[in-house]
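Biologist: I should like a close look at a single part of this protein, namely its nonpolar surface patch. Please describe which residues make the patch and then place it within the rest of the structure.

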Amino acid sequence: MVSTDAARSRPGRAAHIERLRRFGLWIVLVVVVVVLAVASPTFRDVDNLLNVLQQNSIIGIVACGMAIMMISGGFDLSVGAIGASSSVLGAVVAQAGGGDAAIPAGIGIGLLIGAINGFFVARVRINAFVTTFAMASVVAGLLFVATTAQSTVASSPAIDLLGAGAVGPIPIVFLVFVAALLVVWLLLSRTKFGHYVYSVGGNAEASRLSGVPVQAVQLLAFVLGGGFAGLGGILLLGQTQVGQPSAAATWPLNAIAICVVGGVALTGGVGRIADVFAATLLLGVIANGLNQLDVSSYWQPAVTGVVILGAVILDQINRRRRSAAVRAVDTSTPTLAAAVATEESGVHPTLR
């Protein structure tokens, strides 16, 4: 028979595990920053730290859209092609004298391609990998044909300000990233759509039987993902002043890596946007720190891969511990059990 003290310790252990899950990635980020700051004087330079924010905000914005799609049970391998299309279209529109129209044009092409992806995934029910991989090839091919593989040099004051401007010492692109994070957080945690996203990602068939408009949710998730990638393309144009058809090729895997490190489940239904923010900073800090320490660029992908693999392993361990803690909670404490189960599912408690 389990002792009274042991029984009482179970809720406390479950709460401790939950706190570790919530703040573990931030703790790792702080530790890495401190270690690199001690090891490299150039890393802790304020200008370098601001450069980290500048360089990683765009992929962070793309990861915001990727997180929505992954939580809903999908993902998008065409976000790189969308970003390239957005930057090229924005450059063409700006070159034609429509600087103010370049931003909505770039975001609009992202929304359109996202809608096409969502249609084939949600309505036609083609696997997301096949759909988005094929779409990436189609869009990239059409883009190279339309531009004859030539870059377009153009921009506008508004695009330059968004991509390379600053408010005091803070890069505006980072402020746009923070705004994107806030928008996604509000969508996922404070709206019925967010509840549906978690529900569909957790079990699409059960959601359908419960009256959730599964196809509409999946379609909108891809539309939003495409829109964020389109915004990323415009910001990239603002930083480079060049619309390149070959740009953003690494975005899909980098965005997925950020989401995975941030605890977004590849199987859907689980993920917190705050951890996506932490993962973006963590991977950016590691890459920058290795550069400051003069580590060969050949080692950097290996280190990133180890971080991703470690994050997945730790996430699996934490999930098993949380499941064990939920099972171990005495039936006399249903409130705690329900709370832990709620966090496990990723659904905001006010929307259950």
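**The nonpolar patch and its surroundings**

Modeller: Two helices, H4 (99-123) and H5 (128-147), each supply at least two residues of the nonpolar patch. Please bear in mind throughout that this is a predicted model. The patch covers about 780 Å² and is made by Leu112, Ile116, Phe119, Phe120, Val124, Ile126, Phe129, Val130 and Phe133. Helix H4 gives the most to the patch, with four residues.

Two members of the patch may be examined in turn. Phe120 is found in helix H4. Its relative accessibility is 33%, and Phe120 therefore counts as partly exposed, because partly exposed covers the range between 20% and 50%. Apart from its neighbours within four places in sequence, Phe120 is in contact with Arg125, Ile126 and Thr131. Among these partners, Ile126 is itself one of the residues that make the patch. Phe120 can also be related to a more remote part of the chain: Leu219 lies 99 residues away along the chain, and the C-alpha atoms of Phe120 and Leu219 are separated by 8.8 Å. The second member, Phe129, has its place in helix H5. With a relative accessible area of 42%, Phe129 is partly exposed as well.

A residue with the opposite character is Ser85, which belongs to helix H3 (residues 79-95). Ser85 has a relative accessibility of 8% and so counts as buried, since the limit for a buried residue is under 20%. When its neighbours within four places in sequence are left aside, Ser85 is in contact with Ile109, Ile113, Val139 and Leu143. The ranges of the helices show where these partners belong: Ile109 and Ile113 fall within H4 (99-123), while Val139 and Leu143 fall within H5 (128-147). The two helices that supply the patch thus also supply the contacts of this buried serine.

Another pair of helices may be described in a similar way. The axes of helix H6 (residues 157-164) and helix H7 (residues 172-190) come within 5 Å and cross at roughly 80°. At that angle, H6 is roughly perpendicular to H7. The contact is made by Leu161, Leu162 and Gly163 on the side of H6, and by Ile172, Val173 and Val176 on the side of H7.

Charged side chains also form pairs, and the structure holds two salt bridges. In one of them, Glu205 pairs with Arg208, and the closest N and O atoms are 2.4 Å apart. These two residues are three places apart in helix H9 (residues 204-209), so about one helical turn separates them. Glu205 is partly exposed, at 41% relative accessibility, and Arg208 is likewise partly exposed, at 44%. In the other salt bridge, Asp275 pairs with Arg272, with 3.3 Å between the closest N and O atoms. Here Asp275 is buried, with a relative accessible area of 6%, whereas Arg272 is partly exposed, with 21%.

Finally, the protein may be viewed as a whole. There are 14 helices and four strands, and buried residues make up 48% of the 352 residues. Of the contacts between residues at least 6 apart in sequence, 76% join residues at least 24 apart. The protein exposes about 16300 Å², and carbon and sulfur atoms supply 68% of that area.

Terms used. Residues numbered from 1 in each chain as written. Predicted model: local features only at pLDDT ≥ 70, side-chain atom pairs only at ≥ 80, totals over all residues. Heavy atoms only, no water. Buried < 20%, exposed > 50% of the residue type's maximum accessible area, 1.4 Å probe, protein only. Contact = heavy atoms within 4.5 Å. Salt bridge = Lys/Arg side-chain N within 4 Å of Asp/Glu carboxyl O. Areas by Shrake-Rupley, 256 points an atom, 1.4 Å probe, with all protein chains shown as cover. Patch = residues over 30% accessible without salt bridge, like charges linked within 9 Å, V, L, I, M, F, W, Y side chains within 5 Å. Axes fitted to C-alpha atoms, helices over the stretch in contact; angles between N-to-C directions. Parallel < 35°, antiparallel > 145°, perpendicular 65-115°, else oblique.
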